[in-house]
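This report looks at an enclosed space and at the packing of helices in one protein chain. The sequence and the structure come first, and the description follows.

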Amino acid sequence: MWIADGWKDYEVIDTSDGEKLERWGEYTLVRPDPQVIWSSDKSAQGWKKPNGHYHRSKAGGGEWEFHSLPDEWQISYKDLTFNLKPFSFKHTGLFPEQAVNWDWFSGLIKDATASGRYEGRQIKVLNLFAYTGGATVAALSAGAQVTHVDASKGMTGWAKENAASSGLADRPVRWLVDDCVKFVEREIRRGNKYDAIIMDPPSYGRGPKGEMWKIEESIYPFIELTMSILSDDPLFFLINSYTTGLQPAVLSYMLGATIGRKYGGEIEASEIGLPVTTSGLVLPCGASGRWTGKQEKA
Ligand SMILES: C[S@@+](CC[C@H](N)C(=O)[O-])C[C@H]1O[C@@H](n2cnc3c(N)ncnc32)[C@H](O)[C@@H]1O
């Protein structure tokens, strides 16, 4: 498993009975996690009076209970800073497990830039279903030019705030509120190309005009579609999925049948996870598939 163990400002303290106890900077949250079907002795500090507790209701959804939690606060990951606020459906605006992917592609971007692989031009990264921009700010910080696409105006605004908080507001980025499929179809017509693509699609989603996204039906034809906007010498391709059915092997087969067939390169896929400090377990947080083109070491 690829484990996001580089955090100082974030920690999964314990997991038990459908919930996880987390530390986000100086605040503790208890949030539901359907995978946690085991129990711990819940002796860990924080279970009794967390700063925030999201109570899931049987009717679906749920509500937050707060104990001295600010409306908004910040945490950092290496040189990146993220704005957090508890909002609908247990979210905080960040998926900390993605740090294991941020580190991976940031290294590729820095190596390729240092080796002059793209003759001094900036590496063009496309981040699809980009949410609050975790991957966008990581790629900007590594020196890439980024196109950030998400259907939600609110999420895209939040991503801009994260870039500003990370001191990256002046970096080359396009913030686009759009349906990802429509956007890629338009880029094909325009002949625009990218050296790297990141996609983290939801299981189910809707574009700004209600365009339906159902991952089982949509993901493979969408990956095929993106092959037409890759540059002649692509650097990497990353797919992340939180959808239980989409196992690592499935992600690697889809990459093999598309970008692998077209460009060769290397493919690897794995579950990703977060270390649980009190138990030593690793909390599984979905799966990622990675493709890398040939590498030229600096
Ligand atoms: C699970 S989040 C992605 C998480 C993100 N990659 C991260 O780690 O920060 C899914 C995002 O997809 C967006 N979305 C859903 N359907 C979409 C569509 N058809 N086109 C564009 N964005 C869409 C949602 O607005 C949401 O921000």
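In this predicted model, the lining of the largest cavity draws at least two residues from each of helix H1 (99-114), strand E9 (124-128), helix H2 (134-141), strand E12 (196-199) and strand E15 (236-241). The largest share of that lining, three residues, is supplied by H1. The structure holds one cavity of 30 Å³ or more, and the space in the largest cavity comes to about 200 Å³. Of the 20 residues lining the largest cavity, Gln98, Trp102, Gly134, Ala135 and Asp200 are the closest to its centre. By class, the residues of the lining divide into 12 nonpolar, seven polar and one charged.

Empty space of this kind is found in a simple way: rolling a probe the size of a water molecule over the atoms shows where it is left.

Two of the elements that contribute to the lining, H1 and H2, also pack against each other, with axes that come within 9 Å and cross at roughly 30°. An angle under 35 degrees counts as roughly parallel, and H1 and H2 are therefore roughly parallel to each other. Their crossing is right-handed. On the H1 side the contact involves Trp102, Phe105, Ser106 and Ile109, which meet Gly134, Ala135, Ala138 and Ala139 of H2. This contact of H1 with H2 has six nonpolar, two polar and no charged residues. Trp102, Gly134 and Ala135, which take part in this helix contact, are also among the residues closest to the centre of the largest cavity.

Further along the chain, helix H5 (residues 215-226) takes part in two helix contacts, one with H6 and one with H4. Two packed helices are described by the angle between their axes and the distance between the axes, and the table gives these values for each pair.

| Helix pair | Axes come within | Crossing angle | Handedness |
|---|---|---|---|
| H1 and H2 | 9 Å | roughly 30° | right-handed |
| H4 and H5 | 10 Å | roughly 25° | left-handed |
| H5 and H6 | 9 Å | roughly 25° | right-handed |

Helix H4 (residues 180-190) and H5 have axes that cross at roughly 25°, and these two helices are therefore roughly parallel to each other. The contact is made by Cys180, Val181, Val184, Glu185 and Ile188 of H4 together with Phe222, Leu225 and Thr226 of H5. Six of the residues in the contact of H4 with H5 are nonpolar, one is polar and one is charged.

For H5 and helix H6 (residues 248-263), the axes likewise cross at roughly 25°, which makes H5 roughly parallel to H6. Here Ile219, Tyr220, Ile223 and Glu224 of H5 meet Met254, Ala257 and Thr258 of H6. The contact of H5 with H6 comprises five nonpolar residues, one polar residue and one charged residue.

Note on methods. Residues are numbered from 1 along each chain as its sequence is written. This is a predicted model: local features need pLDDT of at least 70, side-chain atom pairs count only at pLDDT 80 or more; totals for chains, interfaces and linings use all residues. Side-chain values use heavy atoms; hydrogens and water are left out. Axes are lines fitted to C-alpha atoms, for helices over the stretch in contact, and angles run from 0 to 180 degrees between N-to-C directions. Helices (H or I, at least four residues) and strands (E, at least two) are DSSP runs, numbered from the N terminus. Angles under 35 degrees count as roughly parallel, over 145 as roughly antiparallel, 65 to 115 as roughly perpendicular and the rest as oblique. A crossing is left-handed if the near helix is turned anticlockwise from the far one by less than a right angle, and right-handed if clockwise. Contact means heavy atoms within 4.5 Å. Ala, Val, Leu, Ile, Met, Phe, Trp, Tyr, Cys and Pro count as nonpolar, Asp, Glu, Lys and Arg as charged, and the others, Gly among them, as polar. On a 1 Å grid over the protein atoms alone, a cavity is a set of points where a 1.4 Å probe fits but cannot get out, and a pocket is an open set with protein on both sides within 12 Å along at least five of seven lines; lining residues have an atom within 4 Å of a point. Grid points are joined across faces, edges and corners, and a volume is the space filled by probe spheres set on the points.
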